[in-house]
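This briefing is meant for a reader who is meeting the structure for the first time. Please keep the view open while reading, and look up each residue as it is named.

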Number of protein chains: 2
Amino acid sequence: MRRKAVVEDLCCEIVGGRLRPGEHLVTRALADRFGVSHTPIREALIALAGIGVVDLLPNRGAVVRRFSRDEVREICQVRRALECEAVRGACGRIDEAELLVLREALRGMIARTTPFASDQVAEARAADSRLHDVISESAANPFLAKEIGRLKMLFRAFRDASWQREENRNDYHRLGEEAREHLTIVEALMRNDRAGAVRAMSRHIMSGCRYWSRTLPTSAEAPAVGGQVARVKGKGKS
Amino acid sequence: MRRKAVVEDLCCEIVGGRLRPGEHLVTRALADRFGVSHTPIREALIALAGIGVVDLLPNRGAVVRRFSRDEVREICQVRRALECEAVRGACGRIDEAELLVLREALRGMIARTTPFASDQVAEARAADSRLHDVISESAANPFLAKEIGRLKMLFRAFRDASWQREENRNDYHRLGEEAREHLTIVEALMRNDRAGAVRAMSRHIMSGCRYWSRTLPTSAEAPAVGGQVARVKGKGKS
DNA sequence: TGCCGACGGATTCTGTAGAATCTGGTTGCC
DNA sequence: GGCAACCAGATTCTACAGAATCCGTCGGCA
């Protein structure tokens, strides 16, 4: 199935920042690049619009969504509500051993005095993914897990954009902070302290939100995409 | 734009119950019915899958989603989390006059001693929509409002299915109950009692969930759609 | 002889390609 | 500055290739 392959590839490129926000996606060009006709490309773009990573403008094709600081805040607020719901449902149901492994990994990261090397960045990200996945899978609500997955992808999109934007300035500090936030959550879960876990998760999401959105333009600087397409028209994808 | 028209029409039919859960949507047949070729139909089905009202099976087309009781519960849980978040954000920001109008309408409904006539059912539904819309629009979070809108559509789909299934048995009772729940929310909002409003909203959603899902099959009775398609094949759309 | 399951062709439907049409924006001319 | 031809690109249509399903036939077996 070609559509699915195109969806996955494009999603990776958008999330990975190789396709810039506001960029105009031309079906013909993508068709050439992927070596398929434009039909599956169109269908992939419709699917991506459903996921929320591109905007579809009638008769004017698709543009990669641009996220202003306000939108990031909005998405984070929704994500917080859902992740907290997941923690509430998961508390007391998560495999003890799994939590233990996570806790030790996080303690290791925090104890480390040297700055993070790049493979340790990967390790930190893996732990992050793992924790959130374990929680959403343990909440006994597949629909909730699916929704969280969707938001996580969006969230990763602007996290990576921010990362790229400012060349990891003081990222290492943020990673350590994140590890401590995660540890707080894990410890609360191990105590079966539901309220504490929810609080910790809420703080964690909002702190990430503040961090990852701080370099983004405010909505005044980057108005909603709808009316702005003409601006990026013609820039192509260089 | 034909695709959009097809999406809207099909969505209405699914939500309105004219297309039954599990029904197989054949592109050619739909193309004939809508008087377009099957390309926009395919695209519409992809969009509908994004919305969540149909499932796409590779090389076997689309089927209208079947909702088991568990899935309804899952969706309601997510909806509750989001609606509560919206109430939290909206409390203190909603136009006073708007709330007053709603309160009087709800009080009128509750005071009414005669059973609801059908135009009063419509009135009750309008008040329901209005309240939820006012809240999600006042929460200063368009993204959240969009998500809630999506879920509301799904929710309406199985509410209508339930309604149809059992011919309004004691629906009127439920409508009165709903009005009282709505009134509790409105009154809390008018007092700027954020916690109270959130609690009331949570109760309201879960009570609706229990009510609307009570006639649905459990997931054991209606297994995941994936393996069941052959069963409905050949029934056509008549 | 009557029933059952395997095999194979016919049919139906999905997925893709390429052509035709339509739309909106742009550019050059008056 | 206004208008009209032009052009790029989106949308839709038609046709076809491949996958899945259906249906009738055939051979084995009790």
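**A turn in chain A, and the wider picture**

A:Asn59 is exposed, because just 5 other C-beta atoms lie within 10 Å, in a model that is predicted. The residue sits in the loop between β2 (54–57) and β3 (61–64) of chain A, and the phi angle of A:Asn59 is near 65°, a positive value in a residue other than glycine. The points below go on to the fold, the pairing of the chains, the DNA strands and some single residues.

**Chain A as a whole**

- Chain A contains 10 helices and 3 strands, and along the sequence these follow the order α-β-α-α-β-β-α-α-α-α-α-α-α.
- Of the 238 residues in chain A, 39% are buried.
- Among the contacts in chain A with a separation of 6 or more, 78% join residues that are 24 or more positions apart.
- A second positive phi angle belongs to A:Ala140, near 60° and again in a residue other than glycine; A:Ala140 is placed in the loop between α6 (118–138) and α7 (142–165) of chain A.
- A:Ala140 counts as partly exposed, because it has 15 C-beta neighbours inside 10 Å, a number between the limit of 12 or fewer for exposed residues and that of 20 or more for buried ones.

**How the two chains are related**

- A turn of 180°, with a shift of 0.0 Å along the axis, lays chain B on chain A with an RMSD of 0.1 Å, and this is the relation of a two-fold axis.
- The residue of chain B that comes closest to the rotation axis is B:Gly50, whose C-alpha is at 2.3 Å.
- Contact between the chains involves 21 residues of chain B and 20 residues of chain A.
- On the side of chain B that touches chain A, the elements giving two or more residues are α3, α4 (69–90) and α7 (142–165) of chain B, and α4(B) gives the most, with 8 residues.
- By class, that side of chain B divides into 12 nonpolar, 3 polar and 6 charged residues.
- Because 95% of the interface residues of chain B are also interface residues in chain A, the copies meet through the same surface.

**A buried residue with partners in both chains**

- A:Glu85 is found in helix α4 (residues 69–90) of chain A, and it counts as buried because 25 other C-beta atoms lie within 10 Å, where 20 or more are required.
- Leaving out residues up to four places away in sequence, A:Glu85 touches A:Leu144, B:Gln77 and B:Ala81.
- A:Glu85 and A:Leu106 are 21 residues apart in sequence, and their C-alpha atoms are 23 Å apart in space.

**The surfaces near the DNA strands**

- DNA strand C is surrounded by 19 residues, of which the closest are A:Arg2, A:Val36, A:Ser37, B:Thr27 and B:Gly61.
- Two or more residues of this surface come from each of α1 (2–15) and α3 (38–51) of chain A, and of α2 (27–34) and α3 (38–51) of chain B.
- The surface near DNA strand C is made up of 6 nonpolar, 7 polar and 6 charged residues.
- Around DNA strand D there are 23 residues, and those that come nearest are A:Gly61, B:Arg2, B:Val36, B:Ser37 and B:Thr39.
- For DNA strand D, at least two residues each are supplied by α2 (27–34) and α3 of chain A and by α1 (2–15) and α3 of chain B, and the classes are 6 nonpolar, 10 polar and 7 charged.

**One residue of helix α2 in chain B**

- B:Ala31 belongs to helix α2 of chain B and is partly exposed, with 17 other C-beta atoms within 10 Å.
- Neighbours within four places in sequence aside, B:Ala31 is in contact with B:Val36, B:Ser37, B:His38 and B:Ile41.
- B:Ala31 and B:Arg42 are 11 residues apart in sequence and 9.2 Å apart from C-alpha to C-alpha.

**The two faces of helix α5 in chain B**

- Helix α5 (residues 96–111) of chain B has 16 residues and reaches 22 Å from its first C-alpha to its last, close to the 22 Å expected at 1.5 Å a residue.
- The residues B:Leu102, B:Ala105, B:Leu106 and B:Met109 of α5(B) are buried, and they lie on the same side of the helix because they cover an arc of only 95° around the axis.
- An α-helix has 3.6 residues a turn, so residues three or four places apart point the same way.
- Exposed residues B:Glu96, B:Ala97, B:Leu100, B:Glu104 and B:Ala111 are carried by the face of α5(B) turned away from its buried side.

Terms used:
Residues numbered from 1 in each chain as written. Chains lettered and ligands numbered in written order. Predicted model: local features only at pLDDT ≥ 70, side-chain atom pairs only at ≥ 80, totals over all residues. Near = placed C-beta within 6 Å. Helix = DSSP H or I, 4+ residues; strand = E, 2+ residues; numbered from the N terminus. Nonpolar A, V, L, I, M, F, W, Y, C, P; charged D, E, K, R; others polar. Contact = placed C-beta atoms within 7 Å. Least-squares fit on C-alpha atoms with pLDDT ≥ 70 in both. Expected span 1.5 Å × (residues − 1). Arc of directions from axis to C-beta.
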